[in-house]
Structure formats: C-alpha cells, structure tokens
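The following exercises are to be worked with the sequence and the model at hand. Each task is followed by a solution in steps.

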Amino acid sequence: MPIIMTARYQVRPENVDRCKQAVKNLVKYVKENEKGTLYYIAQQEILNPYAFLHLMIFQDEVALTLHRSSEAAERFVNVVYPSTIDPLEFKEYNEIAHNFPLAGL
C-alpha cells in the first residue's frame with residue numbers, strides 16, 4: 001500500500017534562497033536514486049513565498065525508510081530545519097482516488 005504524505009513549513013525570509021536550493025538538491029537526488037519514491041513535488045506558496053509544501057508518495061515503508069535515511073535527506077534537514085519558523089508539519093493520508101499513471105497505485 002502506498003504511503004502518501006505532506007510536509008508543510010515556513011522559513012525565515014533571509015533563508016528562502018538557501019532553502020530552495022536545498023529542496024532542489026533533495027528532489028534531484030530522489031529522482032536519480034529513489035525508485036520507491038513514486039512521486040515527489042515541492043511547492044512554494046505564491047502569496048507567502050516563505051511557505052512550502054511537499055507532496056510525497058512512497059511505494060511502501062521500505063521506500064519511506066530509505067528516503068528518510070539518505071544522505072540527501074540529512075543535508076536537507078541540516079539546511080531547512082534550522083531555517084524554519086515552526087517545526088515542519090508532516091501528515092499522512094489514505095488514497096481515495098487519483099489520476100496519476102503510476103503503477104501500483
């Protein structure tokens with residue numbers, strides 16, 4: 001069963017560019033190395049450019065564990081977490097329906 005998650009956070013204005021680069025580096029790593037991460041999109045809010053939302057779909061618990069324990073995730077954490085105003089908010093969801101052409105969903 002796929003694991004669907006979001007992560008929301010807001011960073012201090014002076015850290016936006018540094019955090020955006022950390023996000024880009026993480027997503028590049030995911031794309032190149034994490035076959036079990038079926039979907040990963042990181043978004044920056046238009047009206048509040050300090051706010052970010054990530055939507056992730058992992059094939060299973062193994063894929064999620066691999067993602068969380070990667071060096072890329074550690075580098076992301078080391079940049080973004082100290083830059084946030086409040087702790088990141090993670091939520092997990094059950095799939096109801098989708099239109100993604102992803103096998104196994």
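**Exercise 1. In this predicted model, determine whether Tyr-9 and Phe-52 are buried or exposed, and describe how the rings of the aromatic pairs are arranged.**

Step 1. Tyr-9 and Phe-52 are both buried.

Step 2. A search of the whole structure yields two aromatic pairs. In the pair of Tyr-9 and Phe-52, the ring centres are 5.3 Å apart and the planes stand at 15 degrees; planes under 30 degrees apart count as stacked, so this pair is stacked.

Step 3. Tyr-9 belongs to strand β1 and Phe-52 to strand β3, so the pair ties together parts that are 43 residues apart in sequence.

Step 4. The rings of Tyr-9 and Phe-76 have centres 6.4 Å apart and planes at 75 degrees; since an angle over 60 degrees counts as edge-to-face, this pair is edge-to-face.

Step 5. Phe-76 lies in helix α3 and Tyr-9 in strand β1, so this pair ties together parts 67 residues apart in sequence. Phe-76 is buried, as is Tyr-9.

Step 6. Tyr-9, Phe-52 and Phe-76 form one aromatic cluster.

**Exercise 2. Which residues does Val-80 contact, leaving aside its neighbours within four places in sequence?**

Step 1. Val-80 is located in helix α3, which comprises residues 71-80.

Step 2. The relative accessibility of Val-80 is 0%, and Val-80 therefore counts as buried.

Step 3. With the neighbours within four places set aside, the contacts of Val-80 are Tyr-9, Cys-19 and Ala-22.

Step 4. A distance between C-alpha atoms completes the description: 8.9 Å separates those of Val-80 and Lys-20, although these residues are 60 apart along the chain.

**Exercise 3. Identify the buried residues of helix α2 and state where they lie around its axis.**

Step 1. Helix α2 spans residues 61-68, and its buried residues are Ala-63, Leu-64 and His-67.

Step 2. These residues cover an arc of only 100 degrees around the axis, and therefore lie on the same side of α2.

Step 3. The elements that cover them include β1 (3-10), α1, β2 (37-44), β3 (51-58) and α3.

Step 4. At the start of α2, the backbone nitrogen of Val-62 has a side-chain oxygen of Asp-60 within 3.2 Å.

**Exercise 4. How many salt bridges are there, and how exposed are the residues that form them?**

Step 1. Side chains of opposite charge can pair when their charged atoms come close. The count here is three salt bridges.

Step 2. Lys-28 and Glu-32 form a salt bridge with an N to O distance of 3.6 Å. Both belong to helix α1 (residues 16-33) and, because they are four residues apart, about one helical turn separates them. Lys-28 is exposed at 51% relative accessibility, whereas Glu-32 is partly exposed at 48%.

Step 3. Glu-71 and Arg-75 form a salt bridge whose closest N and O atoms are 3.9 Å apart. Both residues lie in helix α3, four residues apart, which is about one turn of the helix. Glu-71 counts as exposed at 59% relative accessibility, and Arg-75 as partly exposed at 48%.

Step 4. Lys-91 and Glu-89 form a salt bridge, with 3.9 Å between the closest N and O atoms. Lys-91 is partly exposed at 39% relative accessibility, and Glu-89 is likewise partly exposed, at 37%.

How values were computed:
Residues numbered from 1 in each chain as written. Predicted model: local features only at pLDDT ≥ 70, side-chain atom pairs only at ≥ 80, totals over all residues. Heavy atoms only, no water. Helix = DSSP H or I, 4+ residues; strand = E, 2+ residues; numbered from the N terminus. Buried < 20%, exposed > 50% of the residue type's maximum accessible area, 1.4 Å probe, protein only. Contact = heavy atoms within 4.5 Å. Salt bridge = Lys/Arg side-chain N within 4 Å of Asp/Glu carboxyl O. Arc of directions from axis to C-beta. Polar contact = N/O pair within 3.5 Å; in protein donor to acceptor, adjacent residues only side chain to side chain. Phe/Tyr/Trp six-rings, centres within 6.5 Å; stacked < 30°, edge-to-face > 60°.
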